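Please look through the structure below with an eye to its interior, taking the enclosed spaces and the nonpolar cores in turn.

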Amino acid sequence: MSLSTVSLAPGNVSEALLEKYNTSGPRYTSYPTVPVWKDSVGPNEFKAALSSVHQNRPTPFPLSLYVHLPFCMERCLFCSCNVVITQQKDQAEKYLGYLFKELDMSHQLLNKDHQVVQFHFGGGTPTYLSPEQLRRVFQHLTERFNFAPDAEIGIEVDPRVTTAEQIDLLKALGFNRISMGVQDFDAKVQEAVHRIQPVDLTEAMVKQCRELQFDSVNFDLIYGLPHQTVDSFKTTLQEVIRLSPDRIALYNFAYVPWISPHQNAIDEATMPPGTEKFKIFTTALEMLTQAGYLYIGMDHFAKPTDELVHAYDEGTLHRNFMGFTTKGGSELYGAGVSAISGLTRHYAQNQRKLAHYYEAIEQGILPTMRGYSLTDDDVLRRDVINSILCRGSVHYREIENCYDIEFSHYFKDALEQLDGFEADQLLNQVPDGFVLTPLGRIFSRNIAMLFDAHLPKTAPEKPTFSKTL
């Protein structure tokens with residue numbers, strides 16, 4: 001089914017339904033999710049996993065690269081990323097020395113036969129680096145890895161600290177996608193989350209990127225922030241629509257002060273309650289789709305000409321640690337502190353603390369902190385969950401043909417719960433599977449959780465995941 005033909009009117013949603021499904025749940029950038037991974041899986045196991053990829057995929061395979069730069073000049077209170085707040089720029093030069101050593105180790109395990117089809121530079125704030133440092137990072141990568149001529153090369157930028165010179169350089173180096181953190185244009189909201197970013201600052205950077213003809217300019221927004229209301233976010237959305245980014249990620253604010261203690265500085269009483277928060281999202285859904293954007297799923301929107309839309313229509317949309325992606329089938333290698341790698345049958349995460357990351361590199365070993373090797377059951381369930389999130393449907397015969405199972409027997413417990421979701425108008429059961437309704441696409445994480453064998457049977461006192469709505 002073409003995405004452009006999918007109806008999106010969620011209808012009136014009762015407070016009881018919201019309360020029923022507004023639970024904590026994974027975003028499924030991996031399955032199994034990170035809390036399941038094991039500290040006992042370290043550098044040796046990850047090195048063996050990289051070798052096994054070559055054995056199982058003897059022909060050159062596509063490669064995705066992610067590099068993490070952890071530094072930020074100041075703390076945004078909404079952020080739960082792994083960042084280091086410092087204005088001592090010499091820290092970045094020290095970090096690059098270790099990063100380059102890690103890349104030197106990894107590229108020997110991932111030889112130049114494998115083309116890099118996707119590269120993402122994230123953080124933190126990658127443009128914390130000087131133009132000269134940015135040039136060295138990209139040169140180090142391109143000298144060791146074989147970038148495809150049409151590779152997707154993206155970077156996250158903060159318009160408050162990114163200079164026109166840096167944007168010019170990024171274009172000259174070959175970057176073709178820019179993702180800008182916006183979150184919200186409302187001054188009161190910005191003050192509450194310690195991120196003052198006037199509209200004209202963002203607009204000037206969008207204008208420069210358009211003049212330089214970047215393939216894609218994307219915005220990150222967040223709903224559920226302190227002092228947000230439906231009306232205030234409408235004003236933000238009007239500005240966003242006027243600036244016309246190619247993609248929009250509208251994230252649910254993950255308020256997890258027990259994981260990110262700096263969020264205790266946010267007055268919880270100022271955050272919109274569940275019904276208001278959901279209305280903020282559905283208002284955004286309505287305004288963005290009326291403006292011509294298509295709803296990819298969960299928290300992503302894109303213009304009809306975008307590759308994400310084409311991938312959805314063709315059934316090739318995929319999900320990994322960078323969110324929705326058109327690069328399914330590629331092996332993902334992550335470099336830098338806390339970076340995550342996602343191979344076909346193995347996950348690994350680098351050390352989260354700089355001191356531990358540096359220590360591993362000094363010992364000449366990969367800085368793997370934890371990881372996970374997928375079982376056959378994990379691979380099967382990952383495909384089902386990806387189908388829910390990336391296609392909005394599951395067709396049992398397709399899964400049965402791939403895995404030689406009887407779907408109704410293998411997933412008996414999950415299928416027994418579908419009736420309740422259908423009664424709540426979140427999905428429709430069809431002879432060979434089920435299809436999510438417009439409302440169900442918004443609740444897709446809840447439906448995917450039915451097929452997650454690793455979720456705890458009882459909710460922990462302090463949830464590991466953010467709220468699903």
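Helices and strands are here DSSP runs, numbered from the N terminus, a helix having at least four residues and a strand at least two. With these names in hand, and keeping in mind that this is a predicted model, the reader can begin with the second largest cavity, where β9 (294-297) and α12 (376-391) each supply at least two residues of the lining. This cavity holds about 40 Å³ of space, and among the residues that line it are Ile 296, Gly 297, Met 298, Ile 388 and Leu 389. By class, its lining has six nonpolar, three polar and one charged residues.

A search of the whole structure finds two cavities of 30 Å³ or more, and the largest encloses about 110 Å³. Thirteen residues would be a long list to follow, but those closest to the centre of the largest cavity, out of the 13 in its lining, are Tyr 223, Met 298, Ile 442, Arg 445 and Thr 468. Both β8 (247-252) and α18 (444-448) supply at least two residues of this lining, which divides into seven nonpolar, three polar and three charged residues.

From the cavities we turn to the nonpolar cores. The largest of them has 126 residues, and within it Phe 119 and Phe 451 touch the most other members, while helix α3 (residues 90-109) gives the largest share of this core, eight residues. Leaving aside neighbours within four places in sequence, Phe 119 is in contact with residues including Leu 65, Val 67, Phe 138, Glu 152 and Phe 175. Apart from this core lies another, of 14 residues, including Cys 76, Leu 77, Phe 78 and Phe 253.

Methods: Residues are numbered from 1 along each chain as its sequence is written. This is a predicted model: local features need pLDDT of at least 70, side-chain atom pairs count only at pLDDT 80 or more; totals for chains, interfaces and linings use all residues. Side-chain values use heavy atoms; hydrogens and water are left out. On a 1 Å grid over the protein atoms alone, a cavity is a set of points where a 1.4 Å probe fits but cannot get out, and a pocket is an open set with protein on both sides within 12 Å along at least five of seven lines; lining residues have an atom within 4 Å of a point. Grid points are joined across faces, edges and corners, and a volume is the space filled by probe spheres set on the points. Ala, Val, Leu, Ile, Met, Phe, Trp, Tyr, Cys and Pro count as nonpolar, Asp, Glu, Lys and Arg as charged, and the others, Gly among them, as polar. A nonpolar core is a set of buried Ala, Val, Leu, Ile, Met, Phe, Trp, Tyr and Cys residues joined through side-chain atoms within 4.5 Å. Buried means under 20% relative accessible area, exposed over 50%, partly exposed in between (1.4 Å probe, protein chains only). Contact means heavy atoms within 4.5 Å.
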